[in-house]
Amino acid sequence: MTYSLQFGQIMRDIPYILGGAWPTLWLTFVIFFAAAALGLFIALVRLRGGPVTSRLAGLWVTLTTNSPLFVILFFLFNGLPNCGILLSPIAATLIAFIAISSGYLAEIQRGGIQSVRQSELDAAETLGMSRWQTVRHVIARHVIKTVSPALSNFFIFTMLGTSMASLVGVNELTGRAIEVTSRTFRSIEVFSIVAIAYVVLSLAASMALALVGRMLFRVRMRVV
Amino acid sequence: MIDGLEALVKPSTLMFLLRGAGMTLLLTAIGCSVGLLAGFVLAYVRTGSGWVFAPLRWAATLFVEVFRRIPFLVTLFLVLYAAQMVVPRASLFWVAVTAICLMSSAYMAEIMRAGLQSVPRAQLDAAIVLNFSRWQLTRMVVLPQAWKVILPSAIAYIVMFVKDTALASQAGVFELMFAGKALANRGIDPFVVFGAVLLAYFAISWPLARFGRYLEVRLSRPVTGGK
């Protein structure tokens, strides 16, 4: 027992470490929305595409949801340079995360789309709704209602996942923690601060998502 | 790349990767068993009532919420540094196992809770009227129905979890990803090595995912009387 907690030594570094929340947040947002758009496209192809294209979409989902993100990231960052493709840490992170997340998000959104019953579409048609009105008032409502808890879970999952980007050299929360630790050796102090930062960030995100769901779509979601 | 393939397809190299895959499976198995047990205890405590157990309930909630909101990588580093503080020569394997168990217990607790709460309220009221104790109620009424809800999500979680164990390599634990990194450091083309590692993870994860899907369809079928 020679280690004693000394937060004083890292006081000057705390703003820098917590500043890592910004890269974490924007990475999360970019990855989530890009992957959600891609996932929606894949889900639609899977449901409505021709025999070959829907197979391909299914294959993409199987491949992405069964591959570890960390290994993909390593593969892109350390494996591809040997084939002459050199990716920056951010590029490798974005490609790996968006690719993998698109598979999960496609499955989530497919479930949502399938939750719309044919009888409701018929009812909309009987009421003389246009295609756009049907999508807006009938399909979108259903999809959002069934999908939003899973989506908000996945958003948090993405946020926590971005910590892996630190391992290819992205300077987000965890990356900065590793950097400060190697400089000051106050490992436990630094990492407990980062852990608290993640808890606070993800709680705030959960609450914000629950609020958005309730205000815009009248979906009730549990935060804790 | 061809050289890389030749270097990879040697019995000794393949055995090395295979041993790594074995360790990955072992880490997953330990994490899941502890996670299922601890998750059940946490969920049982959390869904309980009565003010006597309130502090226990809060503690369980805090544990679950905190460990579900810290990235596994950060948990791993924290456990690693804390272990080094307490035990000077802590075994890296047990460090990884501890971190994995902390995470899996928290996630499994949520899955269990959703399962325990899936049983219709009326049945619980009926059991209470029949003077069942809480444990009897759980054992004889809730669990026989809840496991059908719990099992598919638990397997879906395990499928995700197998892939998270790859991060244990970052703490220096020998498993599949670590074996891959070691081979890449030894000079075999990283493209080939990490490609092989990816395939190996896929080979572990895919059958498990298929099995989970099968169970989900099978268990959601309504129970019909007779044979």
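In the predicted model, C32(B) has a relative accessibility of 10% and is therefore classed as buried, the limit for that class being 20%. C32(B) takes part in no disulfide, since the nearest cysteine sulfur, which belongs to C101(B), is 9.3 Å away, whereas a disulfide would require the two sulfur atoms to lie within 2.5 Å. A search of the whole structure likewise returns zero disulfides over all chains. A further cysteine, C83(A), is partly exposed, because its relative accessible area of 38% falls between the limits of 20% and 50%.

In chain B, helix α8, which spans residues 176–185, is mostly covered, with seven of its 10 residues buried. These buried residues are L176(B), M177(B), A179(B), G180(B), K181(B), L183(B) and A184(B), so that a lysine and a glycine are listed there together with leucine, methionine and alanine residues. The cover over the buried residues of α8(B) draws on both chains, and includes α4 (69–79) of chain A as well as α1 (2–8), α2 (11–46) and α9 (190–220) of chain B. After α8(B) comes G187(B), a residue with a positive phi, near 110°.

Two of the helices that contribute to this cover, α2(B) and α9(B), also meet each other. Their axes come within 11 Å and cross at roughly 40°, an angle that lies outside the ranges for roughly parallel, roughly perpendicular and roughly antiparallel pairs, and α2(B) and α9(B) are therefore oblique to each other. The crossing of α2(B) past α9(B) is right-handed. On the side of α2(B), the contact involves L17(B), T24(B) and L25(B), which meet A196(B), V197(B), Y201(B) and I204(B) of α9(B). By residue class, this contact of α2(B) with α9(B) comprises six nonpolar residues, one polar residue and no charged residue.

In chain A, the pairing of helix α6 (residues 118–126) with α7(A) was examined in the same terms: the two axes come within 10 Å and cross at roughly 160°. Because this angle is over 145 degrees, α6(A) is roughly antiparallel to α7(A). The crossing of α6(A) past α7(A) is right-handed. Here E120(A), L121(A) and A124(A) of α6(A) are in contact with T134(A), V138(A), I139(A) and H142(A) of α7(A), and the residues of this contact divide into four nonpolar, two polar and one charged.

Helix α7 of chain A, which covers residues 131–161, also contains V143(A). With a relative accessibility of 16%, V143(A) is under the 20% limit and so counts as buried. When residues up to four places away in sequence are left out, V143(A) touches G112(A), I113(A) and V116(A). The C-alpha atom of V143(A) is separated by 7.0 Å from that of S115(A), although the two residues are 28 residues apart along the chain.

A second buried position in chain A is Q109(A), which lies in helix α5 (residues 89–114) and has a relative accessibility of 11%, so that this glutamine too is placed in the buried class. Apart from neighbours within four places in sequence, Q109(A) is in contact with A36(A), G39(A), L40(A), A43(A) and V147(A).

Terms used: Residues numbered from 1 in each chain as written. Chains lettered and ligands numbered in written order. Predicted model: local features only at pLDDT ≥ 70, side-chain atom pairs only at ≥ 80, totals over all residues. Heavy atoms only, no water. Buried < 20%, exposed > 50% of the residue type's maximum accessible area, 1.4 Å probe, protein only. Helix = DSSP H or I, 4+ residues; strand = E, 2+ residues; numbered from the N terminus. Contact = heavy atoms within 4.5 Å. Axes fitted to C-alpha atoms, helices over the stretch in contact; angles between N-to-C directions. Parallel < 35°, antiparallel > 145°, perpendicular 65-115°, else oblique. Left-handed = near helix turned anticlockwise from the far one by under 90°. Nonpolar A, V, L, I, M, F, W, Y, C, P; charged D, E, K, R; others polar.
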